[in-house]
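Subject: Handing over the structure

Hello,

Here is the structure I promised to pass on to you. Please open it beside this message, and then read on for what turned up in it.

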Amino acid sequence: MKDLLLITPPFTQLNTPYPATAYIKGFLNTKDISSYQTDLGLDVILELFSRNGIEKIFNTEVHLQEISENSQRIFALREEYLKTIDQVIHFLQGKNPTLARQICSMNFLPEASRFNQLDDMDFAFGNMGLQDKAKHLATLYLEDISDYIIENIDADFGFSRYAERLGKSANSFDELYLKLSGDQTFIDYFTLKILQEKLELVQPKLVCFSIPFPGNLYAGFRCAQFIKKHYPHIKTAMGGGFPNTELREVKDQRVFEFFDFITLDDGELPLELLCSNVLHPSEEAEYKRTFLIENQKVTYKNNSKRHDYKQADIGTPDYTDLKLDQYVSVIEIANPMHSLWSDGRWNKLTMAHGCYWGKCTFCDISLDYIKIYEPISAKILVDRMEELIQTTGETGFHFVDEAAPPALMREVALEILRRNLVVTWWTNIRFEKSFTRDLCYLLKISGCVAVSGGLEVASDRLLQLIDKGVSVEQVARVTRNFTEAGIMVHAYLMYGYPTQTIQETVDSLEMVRQMFEMGILQSGFWHQFAMTAHSPVGINPEEFGVTPVKEEILFANNDIDFKDKTGIDHSKFSFGLKKSLFNYMHGINFEFPLQDWFDFKIPRTQVHPDHIHDCLLDENQFGFKGNSKVVFLTKNVIAENRIKNKKKYSGPYTLLTFHLKTNIVKIDLEQDKAEWLMKVLEENSIENPKKVTAQQLKNQFEENFEDFELFWFSKPMQQLKENGVILSL
């Protein structure tokens with residue numbers, strides 16, 4: 001028995017838990033509040049994609065003459081699906097790696113329409129290992145079954161969302177309420193059966209649903225409805241990304257037939273107070289940012305004077321109860337960067353609450369989860385990483401920041417190296433100019449494998465209008481720095497921003513094409529601009545040349561319909577932008593004219609064909625920056641004193657041999673300068689938390705020698721810098 005049951009409703013992702021309940025459970029541990037968490041999405045998928053689940057799918061009556069040829073084929077091959085499904089799921093859980101050879105034989109899995117694309121993608125498999133290729137084929141197999149479910153059984157099904165349309169911009173609760181008043185769906189049968197088992201096991205007093213996306217909303221409501229009907233003594237609460245952005249103005253009383261409470265923004269303190277009120281009722285109950293029914297009206301209660309918890313005090317996420325060894329890794333696209341979102345188990349952590357930039361005009365910067373910026377110290381963060389490694393056995397970390405701060409990323413990387421940890425991590429960033437070659441290299445050797453960031457509209461005029469704080473040239477140089485360090489880069493791309501012209505859309509695509517062709521982007525995703533209620537554009541639309549379509553808000557309020565003064569239908573560009581990007585991500589068809597991606601006439605690009613190439617021409621590398629921190633990354637040096645006639649030395653010199661992980665670097669220096677350098681290396685090793693500045697080194701050097709800059713930028717020292725022995729941060 002536990003006081004609280006924390007639920008993530010179907011569906012978020014297959015490969016790793018959505019972190020909200022683990023964050024909350026970690027916090028509740030610090031308050032000695034007992035809780036149990038479950039990912040209903042994973043449980044439902046594992047029930048559905050099992051032999052018993054597939055039997056139920058094929059036992060559902062269909063009229064063979066009326067369904068598509070693809071569905072007919074899948075139905076005809078049903079015995080093959082029944083035979084293989086359990087083995088495929090085990091393989092995707094990492095439990096049966098030898099099956100990869102069977103899968104890749106191309107004579108094991110039944111194949112329907114999803115496999116038609118294989119001929120076009122066969123080139124990509126040469127860049128993928130056997131396991132990855134098998135995962136990709138197994139993913140196509142699952143998507144075939146999914147297509148069958150959507151066509152014949154439950155049109156709302158989706159692996160990472162369910163009935164998403166009911167939650168998207170649902171200003172009225174009517175459509176969702178009508179669906180909930182009707183019969184249970186095929187997927188509901190699985191969801192509610194598992195929910196009942198959890199309720200009987202845990203016997204909670206309060207059930208808390210974390211609903212991050214519109215695709216979780218229907219299932220969350222259906223589960224809450226089931227609890228109200230069969231377990232009326234249990235209280236229900238909703239929090240998470242969806243209510244935080246969409247339900248800030250909820251007025252419809254019918255919502256509270258399902259949920260007793262809806263909390264907004266950071267959930268720790270609101271939930272602690274809810275627990276107190278439910279477990280120990282009193283007449284003077286305190287609430288923090290909580291909607292409830294009071295005097296038969298929807299009431300917003302925020303009567304607690306307590307402050308929200310600091311990030312250092314909320315505890316380490318706790319993944320106990322979740323079936324960490326049963327998550328399913330899939331690869332939808334044969335692109336190594338793109339697969340990070342769906343392949344592999346990642347412990348989720350946050351470097352900083354909110355966004356340190358907080359200016360982008362399309363973003364919800366008026367809301368606390370963006371507006372309130374609070375970083376965590378590198379030491380606490382790496383403490384939490386070590387704790388999670390101990391409790392989960394996983395060394396992969398995804399930092400789910402709005403934008404991870406470069407200075408904190410540097411400190412985290414140094415702390416990881418000091419502790420000699422072996423971890424793999426990735427995160428979301430802004431393409432800051434502070435991501436120099438040296439910083440990117442430091443991040444790489446600490447275990448960073450990838451970053452994602454917003455290039456948005458690849459147009460300097462529109463980037464200024466967005467207040468992104470970057471230029472296309474800067475983004476190109478930063479992505480080059482990451483790529484050369486061996487860190488993959490994913491770009492979020494946008495089209496249809498207010499006042500964007502057709503010419504700017506075409507030119508933006510050309511910029512993106514050149515960046516992929518230059519090899520400085522590995523992955524990307526186009527999305528059409530959406531005006532949200534809490535962004536600067538949504539708050540002051542007239543300033544951005546758009547007119548909102550006003551609607552009465554009784555339920556959800558986030559996406560706002562609008563008319564752009566340009567009158568351009570940007571949606572017609574969607575298919576061409578995404579098709580071209582799909583090709584670029586696989587490294588092909590850069591030579592195709594942009595016109596070939598569209599079935600309507602577009603203007604010729606006005607971007608010079610070498611624009612991105614010219615952006616990458618090296619800047620001056622010989623500017624001395626006295627305030628830069630200098631880090632020395634190796635102790636594996638052998639010094640050998642020699643006397644030999646060399647043109648540049650009149651006396652003895654020292655040969656220094658640096659044994660790096662993948663190569664050997666040899667330099668020779670005058671003996672006294674070599675001794676100085678060896679002393680500096682020893683005093684400023686990675687273990688020393690105090691970092692010396694270039695100016696301090698200069699001062700030390702010039703106590704004994706002349707002209708530090710001449711020494712610092714000499715050929716031997718440049719060799720050390722180029723090989724990552726010396727980094728200036």
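A disulfide here is a pair of cysteine sulfur atoms within 2.5 Å. Please keep in mind that you are looking at a predicted model. Across the whole structure, a search for disulfides finds zero of them. Take Cys 223 as an example: the closest cysteine sulfur belongs to Cys 208 and lies 14 Å from the sulfur of Cys 223, so the two are too far apart for a bond. Cys 223 has 0% relative accessibility and therefore counts as buried. Cys 104 counts as buried as well, at 15% relative accessibility.

**The seven-stranded sheet**

Now to the strands. One open sheet is built from seven of them, in the order β2-β1-β3-β4-β5-β6-β7, with mixed pairing. At its edges are β2 (35-39) and β7 (297-301), each of which pairs on one side only. From neighbour to neighbour, the strands of this sheet are turned by 25 degrees on average, with direction ignored.

You can start at the β2 edge. Strand β1, residues 4-8, pairs with β2 in the parallel sense, and five bridges connect them. Within this pair, Leu 6 is opposite Gln 37 of β2.

At the other end, β5 and β6 are antiparallel and share two bridges, with Ile 262 opposite Phe 291 in β6. The antiparallel pairing of β6 with β7 has five bridges, and there Phe 291 stands opposite Tyr 300 in β7. The hairpin of β6 and β7 has two residues between the strands, and Asn 295 in this hairpin takes a positive phi near 55 degrees.

Two helices are worth finding on this sheet. Helix α2 (residues 40-48) lies across β1 and β2 and runs at about 45 degrees to β2. Helix α14 (residues 268-279) lies across β1, β3 (206-210), β4 (235-239), β5 (261-263) and β6 (290-294), at about 160 degrees to β3.

**The six-stranded sheet**

Further along the chain there is an open sheet of six strands, in the order β8-β11-β12-β13-β14-β15, and its pairing is parallel. Its edge strands are β8 (347-349) and β15 (523-528), each pairing on one side only. Here the twist averages 20 degrees from one strand to the next. Inside the sheet, strand β11 (residues 396-399) runs parallel to strand β12 (residues 424-429), and four bridges join them; Gly 396 has Thr 424 as its bridge partner in β12. Helix α21 (residues 502-517) packs on this sheet, where it touches β13 (448-456), β14 (488-495) and β15, and its direction makes about 165 degrees with that of β15.

**One more hairpin**

Strands β20 (residues 653-659) and β21 (residues 664-670) run antiparallel and are joined by seven bridges. Leu 655 has Asp 668 of β21 as its bridge partner. The hairpin that connects β20 to β21 does so through four residues.

**Aromatic rings**

How many aromatic pairs does a search of the whole structure find? The search finds 46. One of them is Phe 157 with Phe 159, an edge-to-face pair with 5.5 Å centre to centre and 70 degrees between the planes. Phe 157 counts as buried at 5% relative accessibility, and Phe 159 is buried too, with a relative accessible area of 19%.

Phe 573 and Phe 600 also form an edge-to-face pair, at 5.3 Å centre to centre and with 80 degrees between the planes. This pair links distant parts of the chain, 27 residues apart: Phe 573 is in the loop between β17 (562-564) and α23 (574-585), while Phe 600 is in the loop between α23 and α24 (611-615). Both Phe 573 and Phe 600 are buried. Lys 572 lies over the face of Phe 600, at 4.9 Å from the ring centre.

Finally, have a look at the aromatic cluster formed by Phe 173, Tyr 177, Phe 209, Phe 221, Phe 258, Phe 259 and Phe 555. Over the face of Tyr 177, a member of this cluster, lies Arg 254, at 4.8 Å from the ring centre.

Enjoy exploring!

Best wishes

Note on methods
Residues are numbered from 1 along each chain as its sequence is written. This is a predicted model: local features need pLDDT of at least 70, side-chain atom pairs count only at pLDDT 80 or more; totals for chains, interfaces and linings use all residues. Side-chain values use heavy atoms; hydrogens and water are left out. Two strands pair if DSSP finds at least two bridges between them. Axes are lines fitted to C-alpha atoms, for helices over the stretch in contact, and angles run from 0 to 180 degrees between N-to-C directions. Contact means heavy atoms within 4.5 Å. Rings of Phe, Tyr and Trp (its six-membered ring) pair if their centres lie within 6.5 Å; planes under 30 degrees apart count as stacked, over 60 as edge-to-face and the rest as tilted. Buried means under 20% relative accessible area, exposed over 50%, partly exposed in between (1.4 Å probe, protein chains only). A charge sits over a ring if NZ of Lys or CZ of Arg is within 6 Å of the ring centre and within 35 degrees of the ring normal.
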